[in-house]
Amino acid sequence: MCGRFTLRNVETLKSKYGDIDFEPSYNLSPGNPVLMLTDQLKSINWSFTPYWADKPFNLINARAETLSSKPSFENANRCLIPADGWYEWKTDGEEKTPYFHHADGDLFFFAGIYGGYRGKLGCAIVTMDALETAKEIHERMPFIIARSHFKEWLDGSEANNFDEAMVKSIKHHAVSTYVNNPTNNDSKCVFPVKD
């Protein structure tokens, strides 16, 4: 699962894909505006509801394994969601410790799906089984698309577009429960603490 992420490196993103009004964030949470890339960079709400729903579903994740079989995602479009880190919480008994996953500030792109519901666009992040390097924290992780496969993903290809090299370079460290509050949005969110 991916329930929070960061996009701090906005200037690099804008220089490559075009200017857009978006502030760097250390704590993007469901319901927030996030950026997505299709043919251009745009702002979109992080919360997906299929167009046919009677009431909002507010889905934030979509499993890669069931993307083509779940009715909720049947008519969804594909997008790329830029990020430079994400959070997962490791459960140990009653305790949940947040961990920050990152590649030293490098940008990467989550696979995403999006669609319209009652005139408003929303998106969800595609997830997959976590690789060994991340599995000790959480069983799921975002599906990161290799840059060389952006077009294939956006065009609907079912080929393996996963960026294994990027994911193997990702590190993680424990952070303070300060990040648990979605209104906290500064560098204290990503600051390492002893786990």
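The exercises below concern salt bridges and the surroundings of one histidine in a predicted model.

**Exercise 1.** Find how many salt bridges the whole structure holds, and decide whether Lys14 and Asp19, which form one of them, are buried or exposed.

*Solution.* Begin with the total: a search of the whole structure gives 8 salt bridges. Next, take the pair formed by Lys14 and Asp19, whose closest N and O atoms lie 3.9 Å apart; this pair qualifies because the cut-off for a salt bridge is within 4 Å. Then turn to accessibility, where Lys14 has a relative value of 16% and counts as buried, because buried means under 20%. Asp19, by contrast, has a relative accessible area of 69% and is exposed, because exposed means over 50%. Finally, look at the wider setting of this pair, in which Glu11, Lys14 and Asp19 are linked in a network of salt bridges.

**Exercise 2.** Work out which parts of the chain are tied together by the salt bridge between Lys171 and Asp104.

*Solution.* Start with the atoms: the side chains of Lys171 and Asp104 meet in a salt bridge with an N to O distance of 2.3 Å. Now place each residue, noting that Lys171 belongs to strand S12 (residues 171–174), while Asp104 sits in the loop between strand S8 (95–102) and strand S9 (108–117), so the pair ties together parts that are 67 residues apart in sequence. As a last step, compare the two accessibilities with the classes: Lys171, at 37%, is partly exposed, whereas Asp104, at 55%, is exposed.

**Exercise 3.** Describe the salt bridge between Lys151 and Asp155, and say whether each partner is buried or exposed.

*Solution.* In this salt bridge the closest N and O atoms of Lys151 and Asp155 are 2.6 Å apart. Lys151 has a relative accessibility of 58% and therefore counts as exposed, and Asp155, with a relative accessible area of 55%, is exposed as well.

**Exercise 4.** Determine where His173 is found, and which residues its side chain reaches through polar atoms.

*Solution.* First locate the residue: His173 is in strand S12, and with 19% relative accessibility it counts as buried. Next, follow its side chain, which makes a polar contact of 3.4 Å with the side chain of His102 and also reaches the backbone oxygen of Val190 at 2.8 Å. To complete the picture, list the residues that His173 touches, leaving aside those up to four places away in sequence: Pro98, Tyr99, Phe100, His102, Val190, Phe191 and Pro192.

Conventions:
Residues are numbered from 1 along each chain as its sequence is written. This is a predicted model: local features need pLDDT of at least 70, side-chain atom pairs count only at pLDDT 80 or more; totals for chains, interfaces and linings use all residues. Side-chain values use heavy atoms; hydrogens and water are left out. Buried means under 20% relative accessible area, exposed over 50%, partly exposed in between (1.4 Å probe, protein chains only). Helices (H or I, at least four residues) and strands (E, at least two) are DSSP runs, numbered from the N terminus. A polar contact is a pair of N or O atoms within 3.5 Å; within protein, one must be able to donate a hydrogen and the other to accept it, and residues adjacent in sequence count only if both atoms are side-chain atoms. Contact means heavy atoms within 4.5 Å.
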